[in-house]
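Colleague: Could you take one part of this model and go through it closely, setting it against the chain as a whole? I would like a connected account rather than a list.

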Amino acid sequence: MADVNGDGWLDIYVCRSAAKATDARRNLLFINNKDLTFTESAMQYGIDDSGYTTHASFFDYDRDGDLDLYVLNHSVQDFAGFGNN
């Protein structure tokens, strides 16, 4: 949860993973309408990432006064480095 649009109200960013279908994995951003309702707006903000997202964090990484978004995705590749190969 973060005030993504800077209006003083908390918005909600939801990370989604595990689904095979790309559209079912797109992350969601619910902008607070200030009346106990929210509007899904991730596509409008350009943050409807369809990776296998497990975590996200909003913070001012570059110290320019606005929020940046760090998205952590998990890999779907099999790694063989731990076997007897």
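Modeller: What follows starts from the whole chain, turns to Asn-27 and Thr-53 and their surroundings, and then passes to some loop residues and to Phe-30.

The model is a predicted one, and every value below is computed from it. The protein chain contains two helices and five strands, and, read from the N terminus, these elements follow one another as β-α-β-β-α-β-β. The radius of gyration of the protein chain is 16 Å, whereas a compact globule of 85 residues would have a value near 12 Å; along the principal axes, the C-alpha atoms occupy a box of roughly 55 × 30 × 20 Å. Of the 85 residues, 21% are buried, and among the contacts with a separation of 6 or more, 30% are between residues 24 or more positions apart. The accessible surface amounts to about 6200 Å², with carbon and sulfur atoms contributing 53% of that area. As for charge, the chain carries 6 positive and 14 negative charges, and the mean positions of these two sets lie 9 Å apart.

The part I would look at closely is the pair formed by Asn-27 and Thr-53, whose side chains are joined by a polar contact of 3.1 Å. Asn-27 sits in the loop between H1 and strand S2, which spans residues 28-32, while Thr-53 belongs to strand S4, residues 53-59. Asn-27 counts as buried because its relative accessibility is 1%, and the cut-off for buried is under 20%. Thr-53 has a relative accessible area of 2%, so Thr-53 is buried by that criterion as well.

Thr-53 has further polar partners through its side chain: one polar contact, at 3.3 Å, is with the side chain of Asp-49, and another, at 2.7 Å, is with the side chain of Asn-73. When neighbours within four places in sequence are set aside, the residues in contact with Thr-53 are Cys-15, Arg-16, Ser-17, Asn-27, Val-71, Leu-72 and Asn-73. Asn-27, with its own neighbours within four places set aside, is in contact with residues that include Tyr-13, Val-14, Cys-15 and Arg-16, with Glu-40, Ala-42 and Ile-47, and also with Asp-48, Asp-49, Thr-53 and Val-71. Cys-15, Arg-16 and Val-71 thus appear in the surroundings of both Asn-27 and Thr-53.

The loop between S1 and H1 offers a setting to put beside this pair, and Ala-18, Ala-19 and Lys-20 are among its residues. Lys-20 lies between strand S1 (12-14) and helix H1 (22-25), and Lys-20 is exposed because its relative accessible area is 79%, where exposed requires over 50%. The C-alpha atom of Lys-20 is separated by 32 Å from that of Asp-60, a residue 40 positions away along the chain. Ala-19 is partly exposed, at a relative accessible area of 23%, and, apart from neighbours within four places in sequence, Ala-19 is in contact with Ala-24, Arg-25 and Tyr-52. Between the C-alpha atoms of Ala-19 and Phe-58, which are 39 residues apart along the chain, the separation is 24 Å. Ala-18 counts as exposed at 66% relative accessibility, and its phi is near 80°, a positive value in a residue other than glycine.

A positive phi is also found at Leu-36, about 70°, although Leu-36 is not a glycine. Leu-36 is placed in the loop between S2 and strand S3 (38-40), and its relative accessible area of 83% makes it exposed. For a backbone check, Ala-18 and Leu-36 can therefore be listed together, because each has a positive phi and each is exposed.

Phe-30 lies in strand S2, and with 26% relative accessibility Phe-30 counts as partly exposed. Leaving out residues up to four places away in sequence, Phe-30 touches Asp-11, Ile-12, Val-14, Phe-38, Thr-39 and Glu-40. The C-alpha atoms of Phe-30 and Ala-42, twelve residues apart along the chain, are separated by 7.4 Å. Val-14 and Glu-40 are in contact with Asn-27 as well, and both are touched by Phe-30.

Conventions:
Residues are numbered from 1 along each chain as its sequence is written. Side-chain values use heavy atoms; hydrogens and water are left out. Helices (H or I, at least four residues) and strands (E, at least two) are DSSP runs, numbered from the N terminus. The radius of gyration is taken over C-alpha atoms; the globule rule is 2.2 Å times the number of residues to the power 0.38. Buried means under 20% relative accessible area, exposed over 50%, partly exposed in between (1.4 Å probe, protein chains only). Contact means heavy atoms within 4.5 Å. Accessible areas come from the Shrake-Rupley method with a 1.4 Å probe; for residues, only the protein chains shown count as cover. Lys and Arg count as positive and Asp and Glu as negative; His and the chain ends are not counted. The place of a charge is taken as NZ of Lys, CZ of Arg, CG of Asp or CD of Glu. A polar contact is a pair of N or O atoms within 3.5 Å; within protein, one must be able to donate a hydrogen and the other to accept it, and residues adjacent in sequence count only if both atoms are side-chain atoms.
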